[in-house]
Amino acid sequence: MEKVAEILAEASAEVVLPRFRALAAGEVMEKAPGEVVTVADREAEVIIARRLRELLPVPVVGEEAVSADPQLAQALESEPAVWLVDPVDGTSNFIAGRPDFAVMASLVRSGRTVAAWIWQPMTAAAYAAELGSGAWRNGERLTRTPASARPGDWRGSVKSRFVDPAERDRLRANAAAFGEVTPGRHAAGVEYPQIADGEQEFIFYWRTLPWDHAPGSLLVTEAGGVSARLDGSTYRPDPPGGRDGLLVAADPATWERTREILLGVRA
């Protein structure tokens, strides 16, 4: 567990942080309509992938490698063990000079996330989780306190960019029942730790790319929270193009109540 955390921090120090607020012309590219990438993303992924394979020689499914060759993501279903890597989560924040970005990795065995790491370079916060063993921030055990029973006290995020417009309007209207609802921090590696740390009570996601959600989902569940599909089934890091919709919450009761309010669905 400690070695992977070191790999993420070292790659960040080598090629990510030197580019923060110092990206040169030509170091930001569009990899797909509305999706950007930087040389920091690509160089960090190469470094992290190489070093992870030295620890455990299994396939690496990295965000940028999959962007170039989408078939690589099928290893999540076909291989017994796979590393997942998001070299710079929150790339738009990184480009804009905002500090909300992270470097993430996870280990998936038989379609299930068994270990996860999130490194937040700007705050030097290292999060880690191991299936069945717990979650930690900088070596201290994380245990999420259940939310209050009053939704009007809750703070959460509704990530609705990829939702159908009519459904988006319904979500926004229903979200008025909560105390505070934000569009999020545009980085899963910042948002999931907010649940584990007790800073907010829920997050609704629609698009669920595996490198974005595998690390945080394990962190939250090992801290005592819930990360589940909208039908209540356990989250698994499927290849892109699979199921959409994910609700993350501080505890089971909060998860159920949030789903009921946002989607009008009772258990």
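Helices (H or I, at least four residues) and strands (E, at least two) are DSSP runs, numbered from the N terminus. The model you're looking at is predicted: local features need pLDDT of at least 70, side-chain atom pairs count only at pLDDT 80 or more, and totals for chains, interfaces and linings use all residues. Residues are numbered from 1 along each chain as its sequence is written, and side-chain values use heavy atoms, with hydrogens and water left out.

**Exercise 1. Find Ala129 and describe its surroundings.**

Step 1: look in strand 7 (residues 125-130), where Ala129 is found.

Step 2: check the accessibility. Ala129 has a relative accessible area of 0%, so it is buried (buried means under 20% relative accessible area, exposed over 50%, partly exposed in between, with a 1.4 Å probe and protein chains only).

Step 3: list the contacts, meaning heavy atoms within 4.5 Å. Setting aside neighbours within four places in sequence, Ala129 is in contact with Met1, Val114, Ala115, Ala116, Gly134, Ala135, Trp136, Leu218, Leu219 and Glu222.

Step 4: pick out Met1. It is 128 residues from Ala129 along the chain, yet their C-alpha atoms are separated by 8.6 Å.

**Exercise 2. Work out the sheet that holds strand 7.**

Step 1: write down the order. This is an open sheet of 7 strands, 3-4-5-6-7-8-9, with mixed pairing (two strands pair if DSSP finds at least two bridges between them).

Step 2: go to the edges. Strand 3 (60-62) and strand 9 each have a single partner strand, so one side of each is left without a neighbour in the sheet.

Step 3: zoom in on one pair. Strand 6 and strand 7 are antiparallel, paired over 6 bridges, and Ile118 has Tyr127 in strand 7 as its bridge partner.

Step 4: add the helices. Helix 8 (residues 210-222) packs on the sheet, touching strand 3, strand 4, strand 5, strand 6, strand 7 and strand 8, and its direction makes about 95° with that of strand 6. Helix 1 lies across strand 4 (81-89), strand 5 and strand 6, at about 40° to strand 6. For these angles, axes are lines fitted to C-alpha atoms, for helices over the stretch in contact, and angles run from 0 to 180 degrees between N-to-C directions.

**Exercise 3. How do helix 1 and helix 2 cross?**

Step 1: take the axes. Those of helix 1 (residues 2-16) and helix 2 (residues 39-55) come within 9 Å and cross at roughly 150°.

Step 2: classify the angle. The two helices are therefore roughly antiparallel to each other (under 35 degrees counts as roughly parallel, over 145 as roughly antiparallel, 65 to 115 as roughly perpendicular and the rest as oblique).

Step 3: sort the contact by class. The contact of helix 1 with helix 2 has 12 nonpolar, no polar and 5 charged residues. Here Ala, Val, Leu, Ile, Met, Phe, Trp, Tyr, Cys and Pro count as nonpolar, Asp, Glu, Lys and Arg as charged, and the others, Gly among them, as polar.

**Exercise 4. Now try helix 6 and helix 9.**

Step 1: the axes of helix 6 (residues 165-174) and helix 9 come within 8 Å and cross at roughly 120°.

Step 2: that makes helix 6 oblique to helix 9.

Step 3: Glu167, Arg170, Leu171 and Asn174 in helix 6 meet Ile261, Leu262 and Leu263 in helix 9. By class, this contact divides into 4 nonpolar, 1 polar and 2 charged residues.

**Exercise 5. Describe the sheet of 5 strands.**

Step 1: this open sheet has the order 11-10-12-14-13, and its pairing is mixed.

Step 2: strand 11 (180-182) and strand 13 (226-228) stand at the edges, each with a single partner strand, so each has one side without a neighbour in the sheet.

Step 3: strand 13 runs antiparallel to strand 14 (residues 246-249), joined by 3 bridges. Ser227 stands opposite Val248 in strand 14.

**Exercise 6. Which residues other than glycine have a positive phi? Check Ser110 and Asn138.**

Step 1: phi of Ser110 is near 50°. Ser110 sits in the loop between strand 5 (102-109) and strand 6 (112-120), and counts as exposed because its relative accessibility is 63%.

Step 2: phi of Asn138 is about 50°. Asn138 is in the loop between strand 8 (134-137) and strand 9 (140-141), and at 47% relative accessible area Asn138 is partly exposed.
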